[in-house]
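Here are some short exercises to work through at your own pace. Keep the sequence and the model open beside you, and try each task before reading its solution.

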Amino acid sequence: MYKCGLIGRSILASRSPWLHEQEGRAQGLDLTYELFDFTDRGWDDDELGPLLRRLAAEGYRGVNVTFPFKQAVIPLLDELDESAAAVGAVNTVQMRGGKLTGYNTDMAGFREGLVAGLPLRKMDRVLLVGAGGAGAAVANALLTLGDGTLGIADRDPGRASALVAQLSQRYGPDRVSAVTDADEALNAADGIVNATPMGMASKPGSPVDTGKLQPRQWVADIVYFPLETELLRGARDLGCPAVDGSGMVIGQAARAFEIFTGHAADIGRMRASFSAKT
Ligand code: NAD
C-alpha cells in the first residue's frame, strides 16, 4: 500500500489526489492520496512537525508540500536532495524507514514542460517575472537549460535582488541580474516567463504589457487556473510560441509519484488525467 498526501492551506480544490490515484490505478498500485488542509482542519502552522512524524510512523511513503510550508518544512527534515537545496524550497517529502528527505520537483517539472512544449526556443536572454517560491524553481530550471542570461523582475524589488544574489552564487554573477522595469527589459528578451500569480482567475491581468510582445519571442506561463491567461492569449494572438502551466503541474507530479512509489510515471497518461479534470 502506498499512502501519500498533500500538506498546505486552502488546498481542497487540488487535482493532485486525482492525478496520483489515477496513475497508481493505471499501474496496478494500491495508492491513496489524502489532503491535509490546515485551514479546513483548523490546525496551527506548528502542527506541521507532529503531522510529518505521525505520517512517517503510520507508513506514509511521502507527501507533497505547498503554500505556506515549502520553506518552513526544511528544518523538520533529515536530508535535502540537491534539487531542494538549489531552489531553497521543498515541495515533496519522501518518507522511508522514518527518514524524511526533501525534494523540489517544481524545478524539473517546469524544465520538462518547457523542453517538451518549446523544443526550439532561443535562450540567450530570458526575462522571468516573479521571484517567489515558484520563481526560484523556474529560475534554477532556466539557468540549467543553457548558458544564456536571466533577468528577474518582481513587484517587490527586494525579492528579485535576494533571488539574484542566491542564484549568482550557484551559477555565477554574469548569468543573472535584477530587472527594475519588466516592460523595458521585454524588448531585449528571447523568452518571457510569468511566475507571478497575475493571470489567475482571482488575479486577472498580465505581469507585462502584452502590447509590447514581439512575434520572435516565446512565452511560458506557470499559472494553471485558468490555463489560458491574458499573457498567453496576447502571445498567441501575435503568433508567439507559448506554453501554459500544465506542463509544470504534470511534470512535478510525475517526479513526486516516482519519489513516493519508486515507479516511473507515464507523463502522457498523467497529462490525459489532468485534461480530464480541466
Ligand atoms: P509567491 O507569492 O511566493 O510569489 C509570487 C511573486 O510574484 C511575489 O514575489 C510577488 O511580489 C510577485 N508579483 C506579484 N504580482 C506581480 C506583478 N504584477 N509583477 C511583478 N511581480 C509580481 O507565489 P509562488 O508560490 O511563487 O506562486 C506564483 C504562482 O505560480 C501561483 O500563483 C501559481 O499560479 C503558480 N504556480 C504554478 C505551479 C505549476 O506547477 N504550474 C507551481 C507553483 C506555482
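**Exercise 1.** How many bridges join strand S1 (residues 2-8) to S2?

*Before you start.* The model is predicted: local features need pLDDT of at least 70, side-chain atom pairs count only at pLDDT 80 or more, and totals for chains, interfaces and linings use all residues. Residues are numbered from 1 along each chain as its sequence is written, and side-chain values use heavy atoms, with hydrogens and water left out.

*Solution.* Helices (H or I, at least four residues) and strands (E, at least two) are DSSP runs, numbered from the N terminus. Two strands pair if DSSP finds at least two bridges between them. S1 and S2 run parallel and are joined by seven bridges. Try Gly 5: its bridge partner in S2 is Glu 34.

**Exercise 2.** Place the strands in their sheet, then add the helices.

*Solution.* Step one: the open sheet has six strands in the order S2-S1-S3-S5-S6-S4, and the pairing is mixed. Its edge strands, each pairing on one side only, are S2 (31-37) and S4 (79-80).

Step two: helix H1 (residues 16-26) lies across S1, S2 and S3 (62-65), at about 170° to S2. Helix H3 (residues 48-57) lies across S1, S2, S3, S5 (92-96) and S6 (99-103), at about 175° to S1. Here axes are lines fitted to C-alpha atoms, for helices over the stretch in contact (heavy atoms within 4.5 Å). Angles run from 0 to 180 degrees between N-to-C directions.

**Exercise 3.** Why does the second largest pocket lie between domain 1 and domain 2?

*Solution.* Step one: the domain bounds, which come from an automatic or database assignment, are 2-104 + 248-277 for domain 1 and 121-240 for domain 2. Their C-alpha centres lie 26 Å apart, and 10 residues of domain 1 are in contact with 10 residues of domain 2.

Step two: a pocket is an open set of points on a 1 Å grid over the protein atoms alone, with protein on both sides within 12 Å along at least five of seven lines; lining residues have an atom within 4 Å of a point. Both domains give residues to the lining of the second largest pocket, so the pocket lies between them.

Step three: of its 21 lining residues, the closest to the centre are Gly 113, Ser 246, Gly 247, Met 248 and Arg 271. Helix H5 supplies the largest share of the lining, six residues.

Key
1 Å grid on protein atoms, 1.4 Å probe; cavity = no way out; pocket = protein on both sides within 12 Å on 5 of 7 lines; lining within 4 Å.
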